[in-house]
There are 2 protein chains.
Amino acid sequence: PDTALAARARRRLDTLIKPPGSLGRLEALAATLAAQQGRPEPQVERVHISVFAADHGVCAEAISSVPQAVTAGMVRRFSAGDAAIAVLARQLGAGLEVINLGTLEPLPALPAVVDARLARGTANMRTGPAMDRETVAAALEEGRRAFRRAGDCDLFIGGEMGIGNTTAAAALGGALLGLGSELAGPGTGLDAAGVERKRAVIDQALHRHGPHLASPLEALRRVGGLEIAGLTGAFIAAAQARSPVLVDGFIATVAALTAVRLNPGVRDWLHFGHHSAEPGHTRLLQTLAAEGLLDLGMRLGEGTGAAAAVPLLRMACALYREMATFQEAGFT
Amino acid sequence: PDTALAARARRRLDTLIKPPGSLGRLEALAATLAAQQGRPEPQVERVHISVFAADHGVCAEAISSVPQAVTAGMVRRFSAGDAAIAVLARQLGAGLEVINLGTLEPLPALPAVVDARLARGTANMRTGPAMDRETVAAALEEGRRAFRRAGDCDLFIGGEMGIGNTTAAAALGGALLGLGSELAGPGTGLDAAGVERKRAVIDQALHRHGPHLASPLEALRRVGGLEIAGLTGAFIAAAQARSPVLVDGFIATVAALTAVRLNPGVRDWLHFGHHSAEPGHTRLLQTLAAEGLLDLGMRLGEGTGAAAAVPLLRMACALYREMATFQEAGFT
């Protein structure tokens, strides 16, 4: 980001007809967006949402109460326009593309869905690596491609869908932070016994892959997921293209952390849409020195927590661009 | 509100293609709006913002670092469209009307400004009542009229502008809660010594008016303000018309509390846009068993903290209306 533009934006914000700082975090948002976009007048008109979908072999361990067929079923609903993220994309006038990186079952050609199926879901991380080297590389590349297809957007959002992916995200986050299974939570709705089972599976997987997990790329390959790798690749590509990114909740934040571990410069391009109700999200945000814009108890994924925050970015930009200065208002 | 409609809405929310409760507070918002609007499909398309402006005699006590002329100056900017609330109203496609209930100096006719000047600001609450009985009654009535002019809106927002009005609001809130000056804070930007002075003035005013403050109407008259009375009247009128209200920050919440004390049924029609950075707001929200939707460190007033939350209400309604049910999606 252009730090000179950020400083200039902060100076301009102090000349607008309001007490200094009285727009709170909207002021920092406007200044950061100006610096990221490299233009004196930031804007968030063109928003693109890429939703990555894939299944998870660790579902064999009964870590989710929801059948894996729901992953492909939800891809159909994203395409049909009646799933939550599709409703929000329409409300925002945002572009929405779904990238199928590996549902268990193949899907027919569907509007707004890119068939990039690399596998029938991942392998079970408890008994071996979730992906082989070629597959994780291909998933990262599909993420980069998805960002490139987003074109010249003002803001990029990555969403995800994959039954079992809070287990993969908790394992990957635990690996990156040198923890055990502490990040595991109820996900879609496990009860306390289910969370205990999930934690045991994650601890076994982390133990099995042991020292290999010191490498973020190996951690992603061994305990991550296809859609998490897609998000990671997209976030890195966005940062390299100097595009601001609005990160969603627990799973997207694990992908963002993976991207930052692979390329620390990525951090400067990230905003965080919300603080998820999934308990492990708090620790992840702390690690990234990040704060969600919203805290509404959401825990749906798909990119919905980021999409819900888009109007705040738009309002921050509009205030920055359209408010009078004290001088213009004759208040000198 | 129609509790049967709320219950029906909650049941529908649990049939939508998402884990139950995973949209967090957006779910309760949709159900509450359905119940308030008395229709099965809530919507927040037509939003009206009434900004009440007036000056404060207590400024003679040097409780603000900003000259009183800024109140009228800001009314001009609201009309010109380059103050924060005007920018946000435009961004939202919301109607905006300013009601001048008593700037110190008269203003010429201005677009979108209703000249309803009842006085040259209030009198100094430290040395006597801020308003006489006729004036507070007239200000309440102007609030009711402003709501009626808003017409058939889906959501009503009340904003305010008045140099010195955090002092009046802190005094009125203190009177309603049986406190002293604990609700006083920096407002537009007082330093610690300024806040001490403000607290001393409030304590003196509360002491002077003593037992009269047990009546909420008398408290409003003696230590409130013209624009606070306007907001109070508008909130009562909105509730009586069964219209949802989105309350802004510290001053608007004191007006909402006054309205609730005058008519407890008002509470059921209120949403709270944000948690202000003005410290006393926390106690006020607790008293009303309310939680702001946003918590972004804003402290500008004008209605901006409510306006910033409008897209969340719109998204809650869109999700409620447009998401598929499990049955429609063939997930049964």
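## A tour from Ser276(B) to the A/B interface

Start by selecting Ser276(B) and Glu278(B): a polar atom of the serine side chain sits 2.9 Å from the backbone nitrogen of Glu278(B). Keep in mind as you click around that this is a predicted model.

**Stop 1: around Ser276(B).** Add Met298(B) to the selection. Its backbone oxygen is 3.4 Å from a polar atom of the Ser276(B) side chain. Now show the cartoon: Ser276(B) belongs to the loop that runs between strand S6 (270-272) and helix H11 (281-287) of chain B. Is Ser276(B) buried or exposed? Its relative accessible area is 8%, under the 20% cut-off, so Ser276(B) counts as buried. To see who is around it, skip the neighbours within four places in sequence and pick Gly249(B), Phe250(B), His281(B), Met298(B) and Arg299(B), which are in contact with Ser276(B).

**Stop 2: both chains.** Zoom out and colour by chain. Chain B goes onto chain A with an RMSD of 0.0 Å after a turn of 180° and a shift of 0.0 Å along the axis. This is the relation of a two-fold axis. The two copies use the same surface, since 100% of the contact residues of chain B recur in chain A.

**Stop 3: the interface.** Select the contact residues: 41 in chain B touch 41 in chain A. Together the chains bury about 3,700 Å², with 71% of that on carbon and sulfur atoms. On the chain B side, light up Gln91(B), Leu296(B) and Met315(B); these lose the most area to chain A, together 16% of what that side buries.

Next, look for charges. How many salt bridges does the rule find across the interface of chain B and chain A? It finds two. For one of them, show the side chains of Arg90(A) and Glu322(B), which meet at 2.7 Å, N to O. Polar contacts between the chains come to 10 residue pairs, both residues at pLDDT 80 or more.

Which elements of chain B give two or more residues to this surface? Select helix H2 (25-37), helix H3 (69-80), helix H4 (84-92) and helix H13 (310-322). H13(B) supplies the largest share, seven residues. Colour that side of chain B by class and you get 26 nonpolar, seven polar and eight charged residues.

**Stop 4: helix H4 of chain A.** Select residues 84-92 of chain A. Seven of the nine residues of this helix are buried, so the rest of the structure largely encloses it. The buried ones to pick are Ala84(A), Ile85(A), Ala86(A), Val87(A), Leu88(A), Ala89(A) and Leu92(A). Now show what covers them: from chain A, the cover includes strand S1 (47-54), helix H3 (69-80), strand S2 (95-102), helix H12 (304-307) and helix H13 (310-322), and H13 of chain B joins in. Step past the end of H4(A) to Gly93(A), where phi is positive, near 65°.

**Stop 5: Ala62 in each chain.** Last, jump to Ala62(A), in the loop between S1 and H3 of chain A. Check its backbone: phi is near 60°, positive in a residue other than glycine. Ala62(A) is partly exposed, at 38% relative accessibility. Then hop over to Ala62(B), placed in the loop between strand S1 (47-54) and H3 of chain B. Ala62(B) has a positive phi of about 60° although it is not a glycine, and with a relative accessible area of 38% it is partly exposed.

Conventions
Residues numbered from 1 in each chain as written. Chains lettered and ligands numbered in written order. Predicted model: local features only at pLDDT ≥ 70, side-chain atom pairs only at ≥ 80, totals over all residues. Heavy atoms only, no water. Least-squares fit on C-alpha atoms with pLDDT ≥ 70 in both. Contact = heavy atoms within 4.5 Å. Helix = DSSP H or I, 4+ residues; strand = E, 2+ residues; numbered from the N terminus. Buried < 20%, exposed > 50% of the residue type's maximum accessible area, 1.4 Å probe, protein only. Polar contact = N/O pair within 3.5 Å; in protein donor to acceptor, adjacent residues only side chain to side chain. Buried area = accessible area lost by both parts, 1.4 Å probe. Salt bridge = Lys/Arg side-chain N within 4 Å of Asp/Glu carboxyl O. Nonpolar A, V, L, I, M, F, W, Y, C, P; charged D, E, K, R; others polar.
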